[in-house]
Amino acid sequence: MTQQPETDASKIDRYLTLELARASERAAVAAARFRGRGDEMAADLAAAEAMREELSQLPVRGRIVIGEGDADAAPLLYVGEDLGAGVGPRVDLGVAPLEGSTLCAKDMPGSIAVVAMAPAGSLLHAPDVYMDKIAVGPGYPEGTIDLDRDPGDNIRALAIAKGVRASEITVSILDRPRHAEIIRNCRNAGACVRLIAGGDVAAIILTTHPWETGVDMYLGRGGASEGVLAACVLRCAGGQMQGRLALETRDQIAKAQRFGPIDPRRKYSVGDMAAGDVVVCVTGVTAGPLVGGVSLGKTTIDTETIVYRSATGTIRRIHATHRAVGKFD
């Protein structure tokens with residue numbers, strides 16, 4: 001469960017935002033070298049190693065709370081791993097060194113590297129299970145959407161709040177067999193359904209600026225850790241989201257309870273999943289509607305990163321050119 005942030009780190013120092021961006025940049029470049037090669041594991045491992053090396057140098061006392069899995073399942077960037085230079089504020093770290101590994105392996109649009117930081121105790125310690133999610137962008141009355149409503153009711157409520165017809169609402173959903181009924185219900189309500197091959201963190205982020213992306217709502221079941229990372233961005237950029245852990249077996253419940261008391265019926269809001277001063281960096285691996293991909297040149301490497309910060313409500317885009325030597329070689 002989310003705890004109160006520690007008093008020695010109620011705010012993230014501004015200079016750390018740029019240092020954090022280096023971690024997502026390095027992970028994205030490492031993964032980009034495996035684009036289209038069909039090896040998801042190699043791409044993910046390269047990204048994780050690069051991100052871990054950069055995070056280890058940050059002047060923080062960090063702990064991974066959203067990571068690559070449990071300590072017995074992930075070789076690095078596992079939940080509970082301590083990272084940082086061992087000086088400075090205590091912080092929670094959430095990482096997805098390669099979100100959309102299949103997209104990267106197939107050189108398809110939309111794979112990204114994501115890293116989030118917040119004062120210690122600010123981020124929900126989500127177990128490695130699925131989460132049912134619904135999300136919309138900013139500017140709507142609180143309660144416009146509800147995870148317990150029928151998809152059609154949510155679409156109609158959002159259309160009323162937006163001042164359009166239901167047929168003008170676009171819902172992004174992972175293209176998975178488990179979503180067949182949700183997809184059918186959305187289409188029956190008149191909405192357009194945009195099916196995605198993977199990368200639901202990016203899909204949720206797209207709802208924050210529907211006037212550019214055309215995505216009004218995200219709906220469906222995906223990883224709980226990805227849900228928390230998406231909530232981090234929504235806390236910075238605005239928007240509503242609800243998530244409920246999909247705990248359907250005794251093993252899943254036992255796994256979840258290792259993180260503390262868990263109510264399987266609870267609907268987590270953005271504030272429940274991400275509190276305090278949150279900073280998120282998103283760097284493109286393959287070009288997509290959210291951010292451009294890595295450009296690997298002979299002597300230079302170009303990256304595009306979006307940096308979000310909740311304390312200031314600032315969203316920055318960083319177009320960086322790196323010499324293809326040293327860390328980026």
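This is a chat about the two largest pockets in a predicted model.

Visitor: Hi! What volume does the largest pocket have?
Guide: Hello! In this predicted model, the largest pocket has a volume of about 1,000 Å³.

Visitor: And which residues are closest to its centre?
Guide: Those are Glu-99, Asp-128, Gly-223, Ser-225 and Glu-226, out of 47 residues that line the largest pocket.

Visitor: Which elements give two or more residues to that lining?
Guide: There are helices and strands on the list: α2 (40–55), β1 (61–66), β3 (90–99), α3 (101–105), β8 (217–223), α8 (224–237) and α9 (250–257).

Visitor: Which one gives the most?
Guide: That's α2, with five residues in the lining of the largest pocket.

Visitor: How does the lining of the largest pocket split by class?
Guide: It has 23 nonpolar residues, 13 charged ones and 11 polar ones.

Visitor: Where does the largest pocket lie relative to domain 1 and domain 2?
Guide: The largest pocket lies between them, because domain 1 (14–89) and domain 2 (130–273) both give residues to its lining.

Visitor: Let's switch. How much space lies in the second largest pocket?
Guide: About 270 Å³. The lining of this second largest pocket has 21 residues, and the closest to its centre are Pro-109, Gly-110, Ile-196, Leu-206 and Pro-289.

Visitor: Which elements each supply at least two residues there?
Guide: For the second largest pocket, they are β7 (192–196) and α6 (200–205). β7 gives the most, with three residues.

Visitor: And how do the lining residues divide there?
Guide: In the second largest pocket, 13 are nonpolar, seven are polar and one is charged.

Terms used: Residues are numbered from 1 along each chain as its sequence is written. This is a predicted model: local features need pLDDT of at least 70, side-chain atom pairs count only at pLDDT 80 or more; totals for chains, interfaces and linings use all residues. Side-chain values use heavy atoms; hydrogens and water are left out. On a 1 Å grid over the protein atoms alone, a cavity is a set of points where a 1.4 Å probe fits but cannot get out, and a pocket is an open set with protein on both sides within 12 Å along at least five of seven lines; lining residues have an atom within 4 Å of a point. Grid points are joined across faces, edges and corners, and a volume is the space filled by probe spheres set on the points. Helices (H or I, at least four residues) and strands (E, at least two) are DSSP runs, numbered from the N terminus. Ala, Val, Leu, Ile, Met, Phe, Trp, Tyr, Cys and Pro count as nonpolar, Asp, Glu, Lys and Arg as charged, and the others, Gly among them, as polar. Domain bounds come from an automatic or database domain assignment.
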